Amino acid sequence: MNVCVIGVGYVGLVTGAVFADLGNEVICVDKVEEKINMLKRGEMPIYEPGLEELVARNVKEGRLSFTTNIGEGVRRSEVIFIAVGTPPRENGETDLSHVEAVALEIAHHLNHYKIIVNKSTVPVGTGDLVRNIIEKNKNNDVEFDVVSNPEFLREGSAIADTLKPDRIVIGAPTQNVAMTLLELYAPIERPMLITNVESAEMIKYASNAFLSTKISFINMIADLCEKTGADVTMVAKGMGYDQRIGMHFLQAGLGFGGSCFPKDTLSLIHTARKYGEEFRLLEEVIKINQQRVPRFVERIAQRLNPLNNKTIAVLGLAFKPDTDDLRDAKSVELITLLRERGATIKAYDPVAINNARKILPDIIYCKNSYDAAEGADALVIVTEWNEFKLLNLERLKSVMQQPIIFDGRNIYDPKRIRKMGFEYYSIGRK
Ligand code: UDX
């Protein structure tokens, strides 16, 4: 099938590369020339394990190409995926200006029947909005349909998630239209759910908001564990064995960040408000999440009192492991608060340092964990990269000014690390 993917962010680029790998002819479009030029040179504009190889293979075999010319992409394709950014506005509402602009461009280049698929995370009603824009602005009297096909991939495991999703959701106006999408996804052989457009749009938000709720819930339990002597990792395990609850997304820590959970949860609150409902549960989920880092910083400050003139090593800058993404990263919030209190920051991340420099220009960037820990009064774990779990703790201790660890992701065994002479503070464990 001839497929066009508009937007080469995480969702667009991974979707395009995977569809090409499944044997389709895919053209990826982006208006940012720099990104398209990078892709043409075989360089990835984002860090995602396995992506570079996947793209290279499909470009070489002639199934995947890149262009800034949206007209070219639209005209030659039967199915067009919209995978552009949908950032939040100040009030939590989703900014749909990129989606609207793309819909307008599609309208101008519509030359025969096409299916336009919303893959970006967009609020309920956006399918209608896109349909109306195209209907009003199309140059030719051709038919088209608009489908919602939300994406559930996670950064860091995006390719595996796309090839083996828990489910594929297709929100289509008719069974016939859904069949075309089913055909495209058929080689993946995963559970498929066909719904109307509105339900598909809602499924994405309901899923992300529910997972955010799970995280804030376990974080509140963690706070209670600290006060009562319970251990949140055991509590989460004990809960997770109940199949109705499940093990996933019960990892207590500094809270959720990234480009989806904070924005999608806020957007659902906003949608509820638009329809006259107050989604107080989700308002609380956000509030709990916003308190995670200030609460942790308070603990650090109490122990190191004062923070002024203290050097703190921060391990992990990306919002989660296996990505270089710092959007809504807890590291940025934590470092900003520590610096406001006069601390000097030495930071290390395996892949996110280049991106971090743009947001946090005034901290010291280090070449590895030991370099960051050198002379530090305390070390803070912010992102649970695997390499931090396997550090040589003897060496770490020997280079630090004082052996104090604040572990925001519970990556160490408290007994073992204390036995090695560290003073150790984690989340939800005494
Ligand atoms: C998320 C959804 O999982 C994915 O389905 C959707 O398509 C996009 O948003 P992503 O943002 O890439 O994916 O990361 P995810 O692994 O879900 O983690 C989100 C945040 O939650 C991270 O900051 C992570 O540290 C945090 N988290 C996750 C926890 O604090 N505890 C957990 O148990 C799980």
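Trainee: How many residue pairs are in polar contact between domain 1 and domain 2?

Mentor: In this predicted model, the count is eight residue pairs, both partners at pLDDT 80 or more. On the side of domain 1 that touches domain 2, the residues divide into 11 nonpolar, seven polar and five charged.

Trainee: What makes Arg-327 and Glu-155 a salt bridge?

Mentor: Set the distance against the cut-off. The closest N and O atoms of Arg-327 and Glu-155 are 3.5 Å apart, and the rule asks for a side-chain nitrogen of Lys or Arg within 4 Å of a carboxyl oxygen of Asp or Glu. The pair therefore counts as a salt bridge. Across the interface of domain 1 and domain 2, the rule finds one salt bridge.

Trainee: Which residues of domain 1 lose the most area to domain 2?

Mentor: They are Tyr-47, Thr-121 and Glu-155, together 34% of what that side buries. Between the two domains, the buried area is about 1,800 Å², with carbon and sulfur atoms giving 57%.

Trainee: Now the ligand, please. Why is the pairing with Lys-204 called a polar contact?

Mentor: An oxygen atom of the ligand is 2.9 Å from an N or O atom in the side chain of Lys-204. The limit for a pair of N or O atoms is 3.5 Å, so this pair qualifies. Lys-320 also has a side-chain N or O atom 2.9 Å from a ligand oxygen, and for a polar backbone atom of Leu-153 the distance is 2.8 Å.

Trainee: How much of the ligand does the protein bury?

Mentor: Taken alone, the ligand exposes 660 Å², and the protein buries 91% of that.

Notes
Residues are numbered from 1 along each chain as its sequence is written. This is a predicted model: local features need pLDDT of at least 70, side-chain atom pairs count only at pLDDT 80 or more; totals for chains, interfaces and linings use all residues. Side-chain values use heavy atoms; hydrogens and water are left out. Buried area is the accessible area (1.4 Å probe) that two parts lose on being put together, summed over both. A polar contact is a pair of N or O atoms within 3.5 Å; within protein, one must be able to donate a hydrogen and the other to accept it, and residues adjacent in sequence count only if both atoms are side-chain atoms. Ala, Val, Leu, Ile, Met, Phe, Trp, Tyr, Cys and Pro count as nonpolar, Asp, Glu, Lys and Arg as charged, and the others, Gly among them, as polar. Accessible areas come from the Shrake-Rupley method with a 1.4 Å probe; for residues, only the protein chains shown count as cover.
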